[in-house]
Amino acid sequence: MHVISFCRSLLLCAALLCGASAVHAVDPPGAYTFRSYGPDQGLINQAVTGLAQDNDGFIFASTEDGLFRYDGSRFERFGTDRGLLGDSIVGLYSEPGGRLWVLAAKGAMAWAGTAPDPTVKAIILPSLRIGSMSATARGHLVVATAHGVYEGQPDKLAPVAGLPKLDMAAVWISLDGKETLVMGHGVLYKRSGSGPWTERTLRPGLKNELVHTVMKDKQGRIWIRGLRFLRRLASFEGAEEDLSAQLPGSSVLKGQLVLDPQGKVWTPTNMGLARFDEAGVWTLADDDGLPTQSANAMLFDREGNLWISSEGVHRLQGRLAWSAHTRAQKLPSDTVWSVARSADGTMWVGTNRGLARGTGAGWTVVPGTEQRTIYTFAQDRDGVMWAGGNNPRAARNAVLMRSGDAFRSIPLDHLDGPSTINTMDFGPDGALYLGMQAHGLHKLVRDGAAFKGEKITLPNGEEKEQINQVLHDARGRLWVAGMGGLAFYNGKTWRRFGMADGLRDTHVEALAVDQSGDLLVSYWNVHGLTRFTTNEHGVLKATQVDQPAELVADNIYSLGYAADGALWLGTAQGVKRLKDGRMQQFGRGEGLPSEDAAANAFWPDPNGDVWFGMASGLAHYHAAAAVGAPPLPTTEVLRVEDGAGKTLTDPVPQVGWANRALTFRFAALSFTNESRVHPQVRLVGFEDAWRDTDIREARYTGLPPGPYRFEVRASIGGQDYGPVSMREVVIMTPWWRTWWAMAGAAVVAVAMLLLILRWRTGYLRRRNVELENLVRARTDALEQANEALHVASMVDPLTGLKNRRFLGLTMPDELARVNRQYREHDHSRAAVNKTLLIFMVDLDHFKAVNDTYGHAAGDLVLQQASSALRRACRDADFVVRWGGEEFLIVARNSDRDYAELLARNLREAVRELRIDIGNGIVLQKTCSIGFSAYPVLESDPAAYAWEDAVKMADQCLYVAKHSGRDAWVGVVLPPDAPDPGPRIGRELGALVSEGKVPALHSLGSDRSLRWTVS
């Protein structure tokens, strides 16, 4: 929240005087994100023809090869082998009461869970093609077929009296059954209750058009949809509108109309989705994030999630409440450090590569700022916008002051050398206060036509203290969050507050002031918040905020309050919102571009919208589209299996002793973000406490005889839990545990005990000494065996080198060490001995050895080549057999400048080998090497994963092989290299050819690099 509260006050006042629409100009359109479901999730047929949700909450998809049910984890297929009337399904219909109908080429059948609905004993209208269905809350059906319209209960359907024989009309009936609509051949028919039909002929153009859907919205308007047209009637007798021209395209399979939770009408087309409301039509197309250009069906589930089908199934993440802005929306960089709206309504964003201005067409970079990183904004009493950050290429820093559509540079001449402005705000004296990253607090005051800067010495502060936020409250007082505590300035004197005043820690990160004037504080690396009640002297009372526990479970980088009073937090694990004691958490699964929020990059709009700067883009929360927190998730026990794998179908099954191992499979039915759904299970009678689980099954073995009750529940984000689903089961008592068997066994045991007691006592004394010695020896042997087994699991048995498992276990710690070293040092200094150099080594023509001399000779070559590579490396380096004749070498604590030397040493180590394979045959081998470095980009170590560096080395290896072998090729970006962007992963050769990425190689001037292999 670098942006000052004064600017927000101006915008709130403007909103009250002029209406929210006058507060801000047209903002750049963001993109929405979708999660796609396909074969990896069990949806093995991608030709989806319909979507529906049943009464239990499962999502169903009809396809050309069966019916699929999604339980929040996977899709399960049902076909004719499970009782389906046919594998090719043309559509689905879900009654208001929850009954699901599966429509085939002819007829329809009711489906319940995993089988045909037992309450509907037959397929309805089995000889007719069904085009449209509608039902009341009590299950009274109206069905349009190729031979007219039918109605009634499923087992008593009959032709509707009083209607002409309409082929493939569209039908609709109200929930209470008091109104019925039928549309066909250009005529709309209406019936009230069981009364006579009245008709209305619509405007020309529909007589020969096939009508797919007719419906009535919450405002009483009638909507009529076909393949290429859309009509709307204000009422049955009201004005008729032709909305066809507003459709982005035509229907794919069927002209579908859907009401969303807010009562707005949606329809899918071959050019995206269209939504109609009082403001007109709004389209959601591939430019807006739709994963496919066309959509043939759509669904809003009971949580408000939007599902579409085209090639596969796709779900909108965030329920339209979140959109994202990245470089795809013309931001100069995906890293957004600050965000603010100026008094004229323009949205401004500070990024790693300049200052961006929002327009209705997208984002534009302010000329001259491309080399700057913008960390903070402020706005003075005259509404002039200021921006600050750093410019690594300038000898001195400066702040930017808006002048018209441009920004004027105000140099900070009083500072020695470059510096970084973390935060800034205007104080009660009208001065602009600058919080520096490593130079303390400064202020900038007007000096005639120019500006003069000076250093502010904070009480108990250090000269180079890092200042994290500067903020003034509604009274104009200035608050400063720094690494030495919390500072306060009332226009006359400075005060400093520390742990004795209620702070959890002296390293204060972010600040926010609520509507009552209380100050909220977060910390640099300490979880939790502190709320301060303030007076004219500053802090009056401190209250620690520790609940909800999930709210303060992460590092909090930004704080702020929205127009509705909700508290928003930007954290290391996404964005959190607290309103009326209930917390919501948002991340990538809800449509944000990243989980990692930037420090103090928060902006609230007067209409309730909020904006967050993230590590990978800008997140925009649309308050008008928000549908509130989703309902608590429900659960359902899907299947119970005994120890023999038999599915138990009885209401309370009885399980024999031999098969007493039980497996309960269950579903947690919430789709807003499946990764945030946390199930808990318990088996009452065996365990009373709930326990968390990450999988959708629970297994219990060795259960004693008796009754048990399995219970499962789920929450979103580990907060409130939904209703409990349960299943009872009884483990039968074995015969030998009955009372009479146990009594007889007791008598025999007593007799035997008396006979052997004396003998046993003596024997035990002798054996005691023997067993102690044996146990000691076995324990020593077992420890040695376990250690050997652990080492062997990470070693390639042929070569003695480490294997991929070793790399998987060690690299996370190694990467964390490297990233920490880069964070703890200034990236502008050379990264000496901090880099990981990655070499991919492949023995040339190795297959010819196996083919000519046999695999024994090949194994000998691999063993001696492994030894040579290990000798060429340091003891601290990782030498791994990557597979076959390929090796991966990770040179730790290295310098990028030594990559060529190390590659040359590795190649020479293999070339110098002379391998005697017997029979007077001595082989000499060569190798090809590709290498890269991690971090790929020293100026931004987190920009690329180490796997990206491996891929780059692998590409270089193949270039070396295809350019003649016995060579090395590498790509190591210099410290000041610009970010080449995502092309480095898929177009490395093109970047080298364009001169944007340097390539190192041993081929000489007479041989060229072959990046493209024909």
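**Helix 5, two nonpolar cores and a buried aspartate**

Helix 5 covers residues 855-872, a run of 18 residues. At 1.5 Å a residue (times one less than the number of residues), helix 5 should span 26 Å, and its end C-alpha atoms are 26 Å apart, which agrees. Helices here are DSSP runs of H or I with at least four residues, strands are runs of E with at least two, and both are numbered from the N terminus. The model is predicted: local features need pLDDT of at least 70, side-chain atom pairs count only at pLDDT 80 or more, and totals for chains, interfaces and linings use all residues. Residues are numbered from 1 along each chain, and side-chain values use heavy atoms, without hydrogens or water.

Helix 5 has buried residues (under 20% relative accessible area, 1.4 Å probe, protein chains only). They are Ala857, Gly858, Val861, Leu862, Ala865, Ser866, Ala868 and Leu869.

The largest nonpolar core (buried Ala, Val, Leu, Ile, Met, Phe, Trp, Tyr and Cys joined through side-chain atoms within 4.5 Å) holds 38 residues. Leu807 and Val971 touch the most other members. Several elements supply at least two residues each, including helix 3 (804-823) and strand 71 (968-971). Helix 7 gives the most, with 9 residues. Val971 is in contact (heavy atoms within 4.5 Å) with residues including Phe931, Met952, Leu988 and Trp1011. A second, separate core of 32 residues includes Val861 and Ala865, both buried residues of helix 5.

Asp895 sits in the loop between strand 67 (886-894) and helix 6 (899-911). Asp895 is buried yet has no salt bridge (a side-chain nitrogen of Lys or Arg within 4 Å of a carboxyl oxygen of Asp or Glu). The nearest side chain of opposite charge (Lys and Arg positive, Asp and Glu negative; His and chain ends not counted) is Arg896, 7.1 Å away. A polar atom of the Asp895 side chain lies 3.0 Å from the backbone nitrogen of Asp897.

Methods. Buried means under 20% relative accessible area, exposed over 50%, partly exposed in between (1.4 Å probe, protein chains only). A polar contact is a pair of N or O atoms within 3.5 Å; within protein, one must be able to donate a hydrogen and the other to accept it, and residues adjacent in sequence count only if both atoms are side-chain atoms. Lists of a residue's contacts leave out its neighbours within four places in sequence.
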